[in-house]
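Okay, thanks for coming, everyone. I'll put the structure up and then talk you through a few bits of it.

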Amino acid sequence: MKLLDNLNYLDSSARNQLNLRLLDSMIGGKLPHAFLFWGAGSNLYPLALAFAASINCSKGGCGHCQVCRNTLKGIHSNLLVVEADGNILTVDKIKQIQDYCSLTPFDGQKKVVIVREAERLNDEASNKFLKTLEDPPGPDCVFILLSPQPGRLLATIQSRCLQFEWSFTDEDSQQVQVEELEEIIHAGMKKIIQGDLKTILGLGKQIGDMLDSSAQELKQKLKQQAKDEQDQDSPDKNLIKRKAARFNRLGMEKVFDIIVAWLEDMVAVMLGAGSNALHYGKNYSFLDSSLMGGSVDDILGILENIEENRYYLNRSINCELVLDSIFLSLRKALRGDNK
């Protein structure tokens, strides 16, 4: 069985199956020089490694030869994996790619470059990487860009890549305690709508503390897993830190999603919609009796602000302060203070 036929972290959607057939049809033939793999989850990277191994394996990805084994570990001589040292992929990383691609590939194979979290490219790095895609320094280079949020890449970079969207059975996202978050936010939003200032000033901290506590639990779990699997006392601290940070981002995405659903329901009720139009239909009676004199335009402004803040989740922002600002803005909108 080939590597691309044995990816148990992919769900069985028709899109995934089509993607796999297309990739399989390219192996051994003329490959496009750049791919963009995107989707929510932590499995973009092992998927890219499996594809890279399949490209250079003489059997199209047997999974057992030295090429496959080393590539799947991310250590093959014809593979370069690039990722941010901190929050940003800088131009130095692009220079590293260019230097690597200028070398002759080993054993007549392809040189494969995997760029993890490509949306972290800053402006200078993005422009330099665009030139690299337009005029690769070597004829046998294949670039695989990975991103959960491809819309943050330059449109010109996206246009030069063959794009594949993937759906995963993602353990990381399942670990985000959605039901507990919903319970906390539902209770908090009701109190905010009722004008409880104490809740407004404490809800952001409550949510932040919950996500931080869960991230710490994840760190301890990852450290223990690393020790068990590698039989060593010094697991990859940077990898664990990135996974914990990603967990927090997923958590904040869920928080934003829940708040957005509430705000959209509030707007719908203000405009006269019934319960069947709401995300949370069971809240209809509460909203219908509680929303007096609020401003639809102000709530729409809060929705725009949330979407702007989503952009900064990959950077260092104080999520508690962001949430405090959102909840205080909501209080003003409901009281008509902005009029």
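**A loop, a sheet and a patch**

Let's start with Asp107, which sits in the loop between α4 (91-101) and β3. Before I go on, keep in mind that this is a predicted model. So what's odd about the backbone at Asp107? Its phi is positive, about 60°, although Asp107 is not a glycine. As background, most residues other than glycine have a negative phi. And is Asp107 buried or exposed? It's exposed, because its relative accessible area is 60% and the cut-off for exposed is over 50%.

There's another residue like that to look at. Glu117 also isn't a glycine, and it has a positive phi of about 45°. You'll find Glu117 in the loop between β3 and α5 (123-134).

Now, both of those loops touch on β3, so to speak, and that takes us to the sheet. How are the strands ordered? Reading across, you get β2-β3-β4-β1-β5, an open sheet of 5 strands with parallel pairing. At the edges are β2 (79-82) and β5 (162-165), each of which pairs on one side only. From one strand to the next, the twist averages 15°. If you're rusty on sheets, strands pair through backbone hydrogen bonds, either parallel or antiparallel.

Zoom in on β2 for a second. Its pairing with β3 (residues 111-115) is parallel and runs over 4 bridges. Within that, Leu80 stands opposite Val113 in β3.

Over on the other edge, which helix lies across β1 (34-38) and β5? That's α1, residues 14-26, and it runs at about 145° to β5.

Okay, surface next. Leu197, Leu201 and Leu328 make a nonpolar patch there, and together they have about 240 Å² of accessible area. Take Leu201, which belongs to helix α9 (residues 197-230). Leu201 counts as exposed because its relative accessibility is 52%, and the line is drawn at over 50%.

Last, the whole-protein numbers. There are 13 helices and 5 strands. Of the 339 residues, 47% are buried. The accessible surface comes to about 17,200 Å², and 47% of that belongs to carbon and sulfur atoms. As for contacts with a separation of 6 or more, 76% are between residues 24 or more positions apart.

That's my tour, so over to you for questions.

Conventions: Residues numbered from 1 in each chain as written. Predicted model: local features only at pLDDT ≥ 70, side-chain atom pairs only at ≥ 80, totals over all residues. Heavy atoms only, no water. Pairing = 2+ DSSP bridges. Helix = DSSP H or I, 4+ residues; strand = E, 2+ residues; numbered from the N terminus. Axes fitted to C-alpha atoms, helices over the stretch in contact; angles between N-to-C directions. Contact = heavy atoms within 4.5 Å. Buried < 20%, exposed > 50% of the residue type's maximum accessible area, 1.4 Å probe, protein only. Patch = residues over 30% accessible without salt bridge, like charges linked within 9 Å, V, L, I, M, F, W, Y side chains within 5 Å. Areas by Shrake-Rupley, 256 points an atom, 1.4 Å probe, with all protein chains shown as cover. Salt bridge = Lys/Arg side-chain N within 4 Å of Asp/Glu carboxyl O.
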